[in-house]
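This report describes selected helices and residues of one protein model. Please keep the sequence and the structure in view while reading.

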Amino acid sequence: SFAQILDRVGDLLMDRASKTDIREEQQLFLDARGTLKGERPALMAEFERQLKKLIDERIAGKSTPKADFSKVDATKLTLVETASMDESVLTGNITRVVENLCHDELTILNRGMGHLLGQPDLGTDSNPLGPATIVSAFSEAVQTLKADRKIKFQIMKDLNQGPLGDIATIYADLNSHLTRLNMVPSAGRGI
């Protein structure tokens, strides 16, 4: 499914390149599409590797510790580079888009994964198979591409505009599988 999403992102990049009259934008879109097409096998392999790693870490309960800003020396603070901030905002936005598109499927998946992990109130943000994991894995995979930072950012921007609803199909299939295995408890909770 992600390969099909990338096909559509490539088509979107080509369409945007054909609609702009600004040569620099056109070249950026074409370069991003070329990178997406040329490095696709490596990108998909890295995405799969990152996804497995993140899922394993989240199932094991590993998480990135939150920084304790109360102990930070205020004289040593620096501004965040705008490109890094833009990438972080974009990744968060893609995650929210997927969460919204897949809300019903994620509700069922959260119950199933919560049952399997012994966490009955598992939320989407803590679900090892949730959108945050998928988007983070893809973002990490994009960062490994042999391309300029602007091209990588453009790929992520067009993924944000792409047809992410296909991920709902993946979640629906996963929910069907978990239901067949009796791994999804009923919606109501006993007293």
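Asn 182 is placed in the segment after α8 (166-180); helices (H or I, at least four residues) and strands (E, at least two) are DSSP runs, numbered from the N terminus. The model is a predicted one: local features need pLDDT of at least 70, side-chain atom pairs count only at pLDDT 80 or more, and totals for chains, interfaces and linings use all residues. Residues are numbered from 1 along each chain as its sequence is written, and side-chain values use heavy atoms, with hydrogens and water left out.

Most residues other than glycine have a negative phi. Asn 182 has a phi near 60 degrees, a positive value in a residue other than glycine. Asn 182 counts as exposed because its relative accessibility is 66%; buried means under 20% relative accessible area, exposed over 50%, and partly exposed in between, with a 1.4 Å probe and protein chains only.

Three residues in helices may be set beside Asn 182.

| Residue | Helix | Relative accessibility |
|---|---|---|
| Gln 154 | α7 (residues 149-161) | 3%, buried |
| Ala 137 | α6 (residues 131-143) | 0%, buried |
| Thr 133 | α6 | 2%, buried |

What does the side chain of Gln 154 make with the side chain of Asp 158? The two side chains form a polar contact of 2.6 Å. A polar contact is a pair of N or O atoms within 3.5 Å; within protein, one must be able to donate a hydrogen and the other to accept it, and residues adjacent in sequence count only if both atoms are side-chain atoms. Leaving aside neighbours within four places in sequence, Gln 154 is in contact (heavy atoms within 4.5 Å) with Leu 13, Arg 16, Leu 28, Phe 29 and Ala 32.

In helix α6, a polar atom of the Thr 133 side chain lies 3.1 Å from the backbone oxygen of Pro 128. Beyond four places in sequence, Thr 133 touches residues including Leu 51, Leu 54, Ile 55 and Arg 58. Ala 137, with residues up to four places away not counted, touches Phe 47, Gln 50, Leu 51 and Leu 54. The C-alpha atoms of Ala 137 and Glu 57 are separated by 12 Å, although these residues are 80 residues apart along the chain.

Two packed helices are described by the angle between their axes and the distance between the axes. Axes are lines fitted to C-alpha atoms, for helices over the stretch in contact, and angles run from 0 to 180 degrees between N-to-C directions.

Helix α1 (residues 2-19) packs against helix α2 (residues 23-38) at an angle of about 160 degrees, and their axes are 8 Å apart. α1 is therefore roughly antiparallel to α2; angles under 35 degrees count as roughly parallel, over 145 as roughly antiparallel, 65 to 115 as roughly perpendicular and the rest as oblique. Among the residues making the contact are Leu 13 and Arg 16 of α1 and Phe 29 and Ala 32 of α2.

Helix α4 (residues 82-101) and α7 pack at an angle of about 20 degrees, with axes 9 Å apart. These two helices are therefore roughly parallel to each other. Residues of α4 including Leu 90, Ile 94 and Val 97 meet residues of α7, among them Phe 153, Met 156 and Lys 157.
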